[in-house]
Amino acid sequence: MDGRIAAVGPQDALELRFADADRIDCGGRLLMPGLVDSHTHAIFGRPRFEEQELRAMGLPYMEIAKRGGGIHSSVRDLRARAEDELVALALPRLRRIASYGTTTVEVKSGYGLTVVDELKTLRVIRRLQELLPLRLVPTWLGAHEVPQEYRARGDQGRADYLRLLVHEMLPAVAAEGLARFADVFCEPGVYTVAESRVLLEAARVAGLGLKLHADELQTSGAAELAVALGAASADHLAAVSEDGVRALAAGGTVATLLPGTMLFLGSARQAPARALIDAGAPVALASDFNPGTSPTVNFPLVLTLAVSQLRLTAAEAVVAGTVNGAAALSLAGETGQLAPGFSADLALFDAEDVRELPYWYGDRLCRGTWVGGVACHPFEARFTSQP
């Protein structure tokens, strides 16, 4: 059925109904919807392992950024690399992501911060989609930071960069159809709520869906902004206020939580997952895979953190990593479920019970993935035709 699920039901009934179909023997393993990672920064050059030691010595994230580290370090690095090199670096990363059971991956730009380099990054994502069976969702994050060359000119430089984003970079991205979403890092010291509103409203007019880095390190009202604008998701939320929780529960914006980031930053604070769920907010999980604050491709490890750190049940964590992750990408009617008509995005795990995924933490239990019925992560299966 063109890469879609035709039916779900007892094996005997399906074999009788589809007697001529080829059969893949999964050996009694756990077959479930492929995991949906709705927040990554997978296009980058060198890792930033030195920053982990700086944080261990007591330097906070924003102080490292002020010294030219953090996002600025990755910006300098990416600007110096050619498109072909970035493709070559990202390919094995995305294949490792698939090897842990992920079939849909959102990938952001944001380490270029010039028109040329942001377009370069988004073209890399487009090329990767042509090379991989993974489902990739490109997001423009030109407002990941204010580039240092603009910060050096104070308020005037900041205003000039905002104008560049709205009047030059965004139109160029939209003209080439390079992104499905626009995102902004709304955080004190980066982009204000007012600036984020201007950028996202312009992106919406340009035809892009909206996402928002919201209330990660400090409370700012970013979650409320995401809901007010009808954003698909508000991400991070470790510092979300009670008003923000209520807004997310009342609106249609998905609260995307990134527990691996706070763990890696050494923070004792995590997003209030239980408060969000108990209030009725839809909650998704994502890896935030990036070179500085969450260098992991292991989505089942995120499920572990959701249970052990966020206090989700295993079932809540799996829902957050599948159908709710799809909703955070406006794909809830396409993937994230094993249901007739949905894309055949599947993951096979060496487990008997779904609760084993967060239990065997750090292990790679995935034995195979399929995207639209096409093998993504290899599985040594026996193919047989029904007699």
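Let me start with two helices, H9 and H10. Helix H9 covers residues 193-205 and helix H10 covers residues 222-229. Their axes come within 11 Å and cross at roughly 25°. Angles under 35 degrees count as roughly parallel, so H9 is roughly parallel to H10. The crossing of these two helices, H9 and H10, is right-handed. I should say now that this is a predicted model.

A second helix pair is worth setting beside that one. Helix H5 takes in residues 83-99, and helix H6 takes in residues 115-131. The axes of H5 and H6 come within 9 Å, with a crossing angle of roughly 50°. H5 and H6 are therefore oblique to each other. Their crossing, that of H5 with H6, is right-handed. In general, two packed helices are described by the angle between their axes and the distance between the axes.

Now the sheets. In general, strands of a sheet pair through backbone hydrogen bonds, either parallel or antiparallel.

One open sheet has eight strands, and their order is E3-E4-E5-E6-E7-E8-E9-E10, with parallel pairing. Which strands stand at its edges? They are strand E3 (35-37) and strand E10 (283-285). Each has a single partner strand, so one side of each is left without a neighbour in the sheet. On average, and with direction ignored, neighbouring strands of this sheet are turned by 25° against each other. At the E3 edge, the partner is strand E4, residues 102-108, and the two pair in the parallel sense over three bridges. For a landmark there, find Asp37, which stands opposite Val105 in E4.

Another open sheet is formed by four strands in the order E2-E11-E12-E13, and here the pairing is antiparallel. Its edge strands are E2 (30-33) and E13 (374-375), each pairing on one side only. E2 pairs with strand E11, residues 346-349, in the antiparallel sense over four bridges. Within that pairing, Leu31 has Leu348 of E11 as its bridge partner.

That leaves the empty space. In general, rolling a probe the size of a water molecule over the atoms shows where empty space is left.

How many cavities of 30 Å³ or more does a search of the whole structure find? The search finds four. The largest cavity has a volume of about 130 Å³. Its lining is made up of 13 residues, and those nearest the centre of the cavity are Tyr61, Ile71, His144, Asn290 and Thr293. By class, this lining has four nonpolar, six polar and three charged residues.

Last, an open site: the second largest pocket, at about 180 Å³. The residues that line this pocket are Arg55, Gly58, Leu59, Pro60, Tyr61, Leu217, Met262, Leu265, Ser267 and Arg269. They divide into six nonpolar, two polar and two charged. One residue to look for on screen is Tyr61: it is in the lining of the second largest pocket, and it is also among the residues nearest the centre of the largest cavity.

Note on methods: Residues are numbered from 1 along each chain as its sequence is written. This is a predicted model: local features need pLDDT of at least 70, side-chain atom pairs count only at pLDDT 80 or more; totals for chains, interfaces and linings use all residues. Side-chain values use heavy atoms; hydrogens and water are left out. On a 1 Å grid over the protein atoms alone, a cavity is a set of points where a 1.4 Å probe fits but cannot get out, and a pocket is an open set with protein on both sides within 12 Å along at least five of seven lines; lining residues have an atom within 4 Å of a point. Grid points are joined across faces, edges and corners, and a volume is the space filled by probe spheres set on the points. Ala, Val, Leu, Ile, Met, Phe, Trp, Tyr, Cys and Pro count as nonpolar, Asp, Glu, Lys and Arg as charged, and the others, Gly among them, as polar. Two strands pair if DSSP finds at least two bridges between them. Axes are lines fitted to C-alpha atoms, for helices over the stretch in contact, and angles run from 0 to 180 degrees between N-to-C directions. Angles under 35 degrees count as roughly parallel, over 145 as roughly antiparallel, 65 to 115 as roughly perpendicular and the rest as oblique. A crossing is left-handed if the near helix is turned anticlockwise from the far one by less than a right angle, and right-handed if clockwise.
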